Each structure stands twice: as structure tokens, then as C-alpha cells.
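Student: I would like to take a close look at a single part of this structure, and I would be glad of a slow, connected explanation.

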Amino acid sequence: MNEYIVYVFVLIYGLLIGSFLNVCIYRIPEESSIVVGRSHCMYCNTQLKWYELVPVFSYIFLLGKCRTCKEKISIQYPIIEALNGMMYVLVFYLYGWDTMLTILLNVIYCLVISALIALSVIDFRTNTIPVGFNIFIMVMGLIAVFVKYFWYGKNTDMVLDHTIGFFAISLFLLLIFYATKGRGIGGGDIKLMAAAGLLLGWELIVFAFFGGCILAAFIHPIRMRISNISRVLAFGPYLSVGIVIAMLFGNQIIDWYLQTYIV
């Protein structure tokens, strides 16, 4: 199959999932169903036609306004859709699709990235990570470990690596949680790092955690100064970025570091 056709297919799939993410971001905090009920304008409540729901292109065609009431549509919608689509293409570009295992892991990574995008926006707005996202990421991790276990000839070392990953950061954060009586870290962050650790293994989840901490240490003080926001830190978005970087580039960065500074 021509590689450009694959990328186009992956991009379209990513855009469609991105559109669904916007539904999740809007409805989950309101505890509304994400599968029942047609999409509608948040201002005039008019049900949207199919041609108003085409990812990215509908926003451009409608000039960013509701067709009925002419209220502005949030720029979040095309941004989330485009970001999700581009991340899907990036995953397949970096890992290819030469084996069934690679394709399956690509799909898992893409879906996990989608979950991280949605939970990051929700956490950014509400300081809460819905547990459903963490359960979903954990299920994806279990599937990945199960498939790799049999693909690599019942590799128990690999299973141990991912099992340690489940506890490597989450147990440390759990100790902080109890030591600070919940003020130092949120329960959702602990579950997120446990689920992601199962998916990535201990080396990559440690890398992801420190990457998220570095990002938070640099970006959050700047946001506090510029936007005059509170000191309360929504850690989920930073951890999510760290997880995505670890997922896509972690092994290469770790290998580069070891070869440059250790060996």
C-alpha cells in the first residue's frame, strides 16, 4: 500500500477521533452521556447537521460561527481535531507498519494519546482527571503487554519491566499523597502514572515523570505571572506531555544520554 494513502487514512481517522474527543471534553465534566444525544450548538441548542460536524473543515466553512445563531464556535474544536490527527500520523511515521505487532501498538499509542489530550484539557479546566481515562489507559497497557508477551515468545522479563513501571512512579506519588494528606499530589495523577507505567515500562515512565516535572517547573510559574492564575497546579497536562514524549522519543533520548554521558 502506498505510504501516502496510509498517512491520509490515519489522518482522517485521527480527525474523526479528535471530533469525538471534543464531545468527551464538553460532556464528561457535566456527567452527560458521550454516546447518547446528537451534537448541538451550545448557545442556541440547534442540532447540528452532518456537514457541520466534519472535523476542521466545518469550522473553516462556517467561518468559526454557528450557522443558526452566528455565535462564535470555540477554536478548541479544530485545534483538538487537528492535533489528534497530526499525532496519529506522527506515531505511524515514527514506528511504521511493517508487522502486525507494530500496527497494533501504533493503534494503542494513538488511542492513549487521544485519552491524554482529552484528560489534559479537562484537568486544565477542572483540576480533575476522570477515572475513566485512567482505566482506559490501563486497559491499553494490559493489551500491549499481553500481545508483546506472546509475540516475543512469552518474555517474562518484559512483563516484569512493565509491572515495575506500574509501581515505579505511582507508589512514590502515593507516599507523597499520604504524607501531605492529599495536598501534594492528586489521586488522578497517581492513577495516571500507574496506568501509563504499565504501558511504557519503568524506564520510560521515570523519564516521563521527570519530563513532566521539568515542564511544570518552567511553564506554571510563567502562567502564574502572565495570567494571574492561582498556585493550584493541574499536573495532568504536564505529565501527559511527558508521557507522549517518552512514548515517541524516550528510548532514543535515553540511549543518547547514556552514550554521551555514561559510556
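Which helices each supply at least two residues of the lining of the largest pocket? Please start from there and then lead me outward to the parts around it.

Tutor: Please keep in mind from the start that this is a predicted model. The helices that each supply at least two residues of the lining of the largest pocket are helix H1 (3–27), helix H2 (57–61) and H3. The pocket itself holds about 640 Å³ of space, and of the 29 residues that line it, the closest to its centre are Ser39, Leu48, Glu52, Leu53 and Tyr77. The largest share of this lining comes from H1, which supplies seven residues.

Let us stay with H1 for a moment. Tyr7 is found in this helix, and because the limit for a buried residue is under 20% relative accessible area, Tyr7 counts as buried at 16%. Although Tyr7 and Met86 are 79 residues apart in sequence, their C-alpha atoms are 9.7 Å apart in space. Gly14 also has its place in helix H1, and with a relative accessibility of 0% Gly14 counts as buried. Here the partner along the chain is Ser114, which is 100 residues from Gly14 in sequence but 8.7 Å from it in space, C-alpha to C-alpha.

From H1 we can follow the chain into the loop between H1 and H2, where three residues deserve a look. Most residues other than glycine have a negative phi. Asn45, which is found in this loop, has a positive phi of about 70° although it is not a glycine. Val56 lies in the loop between H1 and H2 as well, and it has a positive phi of about 65°, again without being a glycine. The surroundings of these two residues can be described by their accessibility: Asn45 counts as exposed at 53%, whereas Val56 counts as buried at 19%. The third residue, Val36, also lies in the loop between H1 and H2 and is exposed, with a relative accessible area of 60%. Val36 and Tyr149 are 113 residues apart in sequence, and their C-alpha atoms are 37 Å apart in space.

Tyr149 brings us to the aromatic residues, since Phe146, Tyr149 and Phe150 form one aromatic cluster. A pair of aromatic rings is described by the distance of the centres and the angle of the planes. Counting rings as paired if their centres lie within 6.5 Å, the model has 11 aromatic pairs. One of them is formed by Phe146 and Phe150, whose ring centres are 5.0 Å apart and whose planes meet at 65°, so the pair is edge-to-face, as angles over 60 degrees are classed. Both residues belong to helix H5 (residues 131–151), and because they are four residues apart there, about one helical turn separates them. Phe146 counts as exposed at 53% relative accessibility, while Phe150 is partly exposed, with a relative accessible area of 43%.

Tyr257 and Tyr261 offer another pair to set beside it: their ring centres are 5.2 Å apart and their planes stand at 40°, so this pair is tilted. Tyr257 and Tyr261 both lie in helix H10 (residues 236–262), where they are four residues apart, about one turn of the helix. Tyr257 counts as partly exposed at 43% relative accessibility, and Tyr261 is exposed, with a relative accessible area of 54%.

These two tyrosines also take part in a wider feature, a nonpolar surface patch of about 1,200 Å² whose residues include Tyr93, Leu94, Tyr95, Trp256, Tyr257 and Tyr261. Helix H3 (76–95) and H10 each supply at least two residues of this patch, and H10 gives the most, with nine residues. Among the H10 residues is Trp256, which counts as partly exposed at 48% relative accessibility. With H3 we come back to where you began, since H3 supplies at least two residues of the pocket lining as well as at least two residues of the nonpolar patch.

Key: Residues are numbered from 1 along each chain as its sequence is written. This is a predicted model: local features need pLDDT of at least 70, side-chain atom pairs count only at pLDDT 80 or more; totals for chains, interfaces and linings use all residues. Side-chain values use heavy atoms; hydrogens and water are left out. Rings of Phe, Tyr and Trp (its six-membered ring) pair if their centres lie within 6.5 Å; planes under 30 degrees apart count as stacked, over 60 as edge-to-face and the rest as tilted. Buried means under 20% relative accessible area, exposed over 50%, partly exposed in between (1.4 Å probe, protein chains only). Patches are made of residues with over 30% relative accessible area and no salt bridge: like charges are joined within 9 Å, nonpolar side chains (Val, Leu, Ile, Met, Phe, Trp, Tyr) within 5 Å. Accessible areas come from the Shrake-Rupley method with a 1.4 Å probe; for residues, only the protein chains shown count as cover. A salt bridge is a side-chain nitrogen of Lys or Arg within 4 Å of a carboxyl oxygen of Asp or Glu. On a 1 Å grid over the protein atoms alone, a cavity is a set of points where a 1.4 Å probe fits but cannot get out, and a pocket is an open set with protein on both sides within 12 Å along at least five of seven lines; lining residues have an atom within 4 Å of a point. Grid points are joined across faces, edges and corners, and a volume is the space filled by probe spheres set on the points.
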